[in-house]
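Hi everyone, thanks for coming. I'll take you through one structure today, so have a look at it while I talk.

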Amino acid sequence: MKTITKPLALTAAITLSLAASAWAAPTAATAGTDAFTVLSLEQAPKWLDAKDVAAQLQAMNVDALTIANVHREADTSGTSHAPDPLEALADQLGYSYRFVRADPASAERRGSIVISRLPVEAESGVEAPGMNYLRLNDGRHVVALYTHTAAADGARFKQLIDASRVGAPAVLLGANDAAVSGFDANGEVARSNGFQSASSTAVKLRIDADSPAIAGKLLTLGYAAPVGGDTPWMDTSLNADARARLIVAKMTDDEKFQMLHSYFGLGKDGGPLPEGAVGSAGFVPGVARLGIPSQQSADAGVGVTNPGGIRKGDHATAMPSGPSTASSWNPEVAFAGGATMGREAWQQRFNILLAGSVNLQRDPRNGRNFEYAGEDPLLAGRLVGESIRGVQSQHVVSTMKHFALNDMETSRNFHSAEIGEQAMRESDLLAFEIALDIGKPGSVMCSYNRINGIYGCEHDYLMNQVLKQEWKFPGFVMSDWGGVHSGSKAALAGLDQQSAGEVFDKAVYFDEPLRLAVNGGVVPRARLDDMVSRILRAMFANGNFDLPPQHQPIDDAAGFAAAQRTVEEGSVLLRNANKLLPLGPEIKRIVIIGGHADKGVIGGGGSSMVGWTAKGTNAVPGVLPTTWPGPVIFHPSSPLEALRAERPDARIDYVDGRDVAAAARAAAAADVAIVFATQWSAESVDLPHMKLPDNQDALIAGVAKANPKTVVVLETNGPVELPWLQQVPAVLQAWYPGIRGGEGIAALLTGKVNPSGRLPVTWPVDASQLPRPEVNGLGFNPKHKPDDTIDYNIEGANVGYKWFAAKGLTPQFAFGHGLSYTTFTYENLSATSMGQRLVATVDIRNTGKVAGADVAQLYLKMPEGSATPIRLIGFQKVTLQPGESRRIRIEAEPKTLASFDTADKQWKIAEGRYELQLSRSANEPVETSAFVLGDEVVR
Ligand code: BGC
């Protein structure tokens with residue numbers, strides 16, 4: 001931030017009338033101190049004036065410009081589909097731009113716009129409607145800007161700051177006014193807020209002689225003097241890098257090396273927990289002398305785990321699986337899920353959550369697909385990024401994992417994922433890149449497997465060149481548990497912290513061996529300091545020092561609400577012939593069959609399993625395997641009970657389905673039969689095939705024969721073969737639906753909630769359609785031993801629907817497919833582009849009789865001859881009442897328009913004729929528009 005020249009003082013507002021085309025210079029201000037300046041304007045400059053504004057903004061050098069009460073779609077140029085002029089302006093300046101939506105529930109997308117010359121370090125999500133924050137970082141200080149559109153509400157503002165500011169000085173903007181937290185009504189300065197003074201100057205901006213002036217206010221805030229003393233790093237106005245630098249300078253070698261390896265938080269060989277560990281995946285002792293907190297890390301992406309119930313009395317919300325969140329196509333759902341997990345982690349004494357899994361689904365048999373977010377880099381990257389942002393909004397560091405290409409579990413500790421550079425950049429790495437950009441995780445976990453022959457945790461290209469240099473990742477890379485094979489080699493390749501090496505690796509390479517390497521000059525001391533700084537930086541940036549976790553009871557009701565919303569938005573109605581669903585009032589006799597649906601819903605196994613919940617532990621104990629990667633868990637959320645609660649007027653029976661003939665008899669006697677089919681899947685092992693296990697196909701076929709009104713509810717890791725599909729009119733994919741699975745499924749089946757999930761993966765007919773129909777070593781007792789390599793060059797960047805399009809294959813269900821109880825039409829697709837920004841608008845109408853949400857999917861058909869035929873480039877979920885129509889705006893992610901040029905290390909849009917498709921799924925374009933794009937390098 002800039003230094004200004006007179007002492008700061010609170011001054012009365014002065015109204016200046018400025019010369020045309022000039023911003024007010026902050027003449028009434030202040031001197032000698034670092035200050036933050038923000039200009040709030042009462043209205044947006046017109047489109048045509050944006051360039052003028054750009055020049056003036058640059059000359060004036062304000063840190064941030066904000067305009068309240070802007071309609072996002074509204075546009076002063078009169079062409080509502082034009083790219084936002086202010087956004088384009090920010091692009092030109094290289095400034096960050098944020099539209100901070102005021103109220104997610106409101107149809108009118110009103111909010112504040114913030115443009116800043118400073119990078120955005122973090123931002124709140126949509127959890128605080130009407131009051132969102134951005135943290136800006138000028139290289140030394142951080143400032144939290146809060147925006148609102150309603151009148152300032154001091155008490156609520158204070159609450160929000162306490163809950164989210166992570167110590168940074170805070171400013172409330174909006175409603176043509178700006179207030180400073182910490183300054184009371186009389187203008188008294190509260191030192192603790194990080195500012196010691198403020199001055200406010202009213203300004204009027206005239207663009208030209210004919211236009212009315214734009215009024216605004218320039219606020220100049222002087223930072224408080226540094227904290228100094230013994231703990232200068234506790235100055236919360238300093239940014240995380242500055243704080244980390246200050247503390248690292250005071251650390252001894254022993255203290256530094258202590259940071260570089262964690263212990264298994266559950267103890268070695270069943271022995272006692274490491275001293276100070278609360279009981280979880282990882283633990284690094286703190287340094288009391290300097291006030292460095294210990295690092296307590298817990299798994300993982302579907303809730304906070306409590307392995308073996310080690311922390312007596314602790315429980316958490318078992319969230320629906322990753323594909324369920326991804327199927328919502330709703331960033332708000334992903335953020336809320338992440339915030340739930342982050343909050344519960346913090347309340348159980350964790351400051352690191354090993355969440356943020358974003359490996360792409362390349363094969364439905366991958367045992368860990370339930371932890372991931374599907375096959376598309378844009379959808380997965382965006383939603384996992386939001387989830388990471390949600391976790392970190394709760395002062396908990398999130399990881400992003402498993403970096404990279406750990407896309408199969410078979411022989412994961414040694415297999416090599418073979419893939420060319422361009423292909424990996426445009427597929428798996430693009431998902432990581434987008435998630436990193438949105439979520440800004442404090443940590444990244446490198447993967448077990450090798451990539452083109454080199455271990456993930458020794459991969460200089462991935463960790464140093466791509467992640468740290470190109471993507472400018474400022475945080476730390478931790479290894480997966482058992483993923484380290486060397487000390488200096490790994491450290492030089494970019495690994496910063498070894499995880500639980502005393503249990504899972506051959507040696508604790510990052511202890512003695514690394515000390516020897518540093519002392520012998522093999523690893524530079526600067527690299528040692530870099531490793532430590534990165535860890536501490538992540539901790540500072542996420543509030544680990546300022547807002548340490550406190551053991552508290554978790555808010556079960558809030559957790560349940562987040563989990564249920566995810567099931568409701570994330571379950572996918574795959575088929576609904578003859579409108580069998582929703583179950584109408586005329587249906588009085590229902591039989592529920594199989595899947596332990598009387599007791600609960602199945603969850604995935606391995607390190608991410610959330611076994612202890614507010615409703616107890618496993619509802620169906622004893623299902624094999626009962627040991628790692630088991631036990632098989634059924635969360636206590638009974639679909640049978642939930643459906644009975646929804647439909648007290650109906651008779652609803654349960655039959656376990658082990659006897660197909662008995663199930664068929666019960667089905668014949670009912671108005672409707674609902675079969676629950678489950679498929680357990682787990683970390684460390686892949687599924688042997690794509691078939692439902694345990695005779696369930698025969699059960700479904702038998703029931704469907706006895707009663708044509710049969711519904712199948714699938715609780716699976718991902719796509720499975722559906723040999724009975726033509727006999728079954730309705731199929732709902734509920735994935736692993738978590739602790740509110742029963743309630744969510746019941747609400748969808750009865751129509752209390754209208755399904756709005758869309759597949760985040762292509763659903764193949766069977767494995768013959770996959771790039772690798774046969775893979776050696778799948779399953780628990782494979783016939784053949786696994787191969788050393790997995791050849792991802794077969795499909796390269798054409799993962800999922802791109803593969804199907806390239807090969808002309810027709811899947812069972814396309815990527816993006818999902819039905820609703822209402823219908824939507826699209827009209828008037830139009831698009832404009834400016835530089836790398838491509839914006840499409842389209843009218844969507846709900847033409848049915850019930851309210852519902854649709855996902856408008858924007859694809860780009862690439863020019864003839866492109867290696868990848870089609871790409872998802874943007875999407876927008878929208879809720880519409882019956883008969884309601886809305887014009888929505890979808891902005892394409894620039895990198896999805898481009899190809900990665902491996903020579904220049906740049907994303908380039910190639911000139912050519914493209915076709916935009918507004919589609920119901922990757923295979924169902926509804927509106928198309930031919931489009932020419934020019935050559936462009938994506939910034
Ligand atoms: C998994 C990670 C997990 C770690 C700690 C590993 O086996 O691959 O995802 O975070 O264990 O439990």
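So, how do the residues of the shell around the ligand divide into nonpolar, polar and charged? There are five nonpolar, two polar and six charged ones. In that sorting, Ala, Val, Leu, Ile, Met, Phe, Trp, Tyr, Cys and Pro are nonpolar, Asp, Glu, Lys and Arg are charged, and the others, Gly among them, are polar.

Quick word on the source: this is a predicted model, where local features need pLDDT of at least 70, side-chain atom pairs count only at pLDDT 80 or more, and totals for chains, interfaces and linings use all residues. Residues are numbered from 1 along each chain as its sequence is written, and side-chain values use heavy atoms, with hydrogens and water left out.

Back to the ligand. It is surrounded by 13 residues (a heavy atom within 4 Å), and the closest are Asp299, Arg368, His402, Asp480 and Glu683. Now the polar contacts, meaning pairs of N or O atoms within 3.5 Å. The side chain of Asp299 puts an N or O atom 2.5 Å from a ligand oxygen. For Glu683, a polar side-chain atom is 2.6 Å from a ligand oxygen, and for Lys401 that distance is 2.9 Å. The ligand on its own has 310 Å² of accessible area, and the protein covers 93% of that (Shrake-Rupley method, 1.4 Å probe).

How confident is the predictor? The mean pLDDT, a per-residue confidence from 0 to 100, is 89 for the protein, and 88% of its residues reach 70 or more. Over residues 1-33, though, pLDDT stays under 50, and residues 74-81 also stay under 50.

Terms used
Polar contact = N/O pair within 3.5 Å; in protein donor to acceptor, adjacent residues only side chain to side chain. pLDDT = per-residue confidence, 0-100. Contact = heavy atoms within 4.5 Å.
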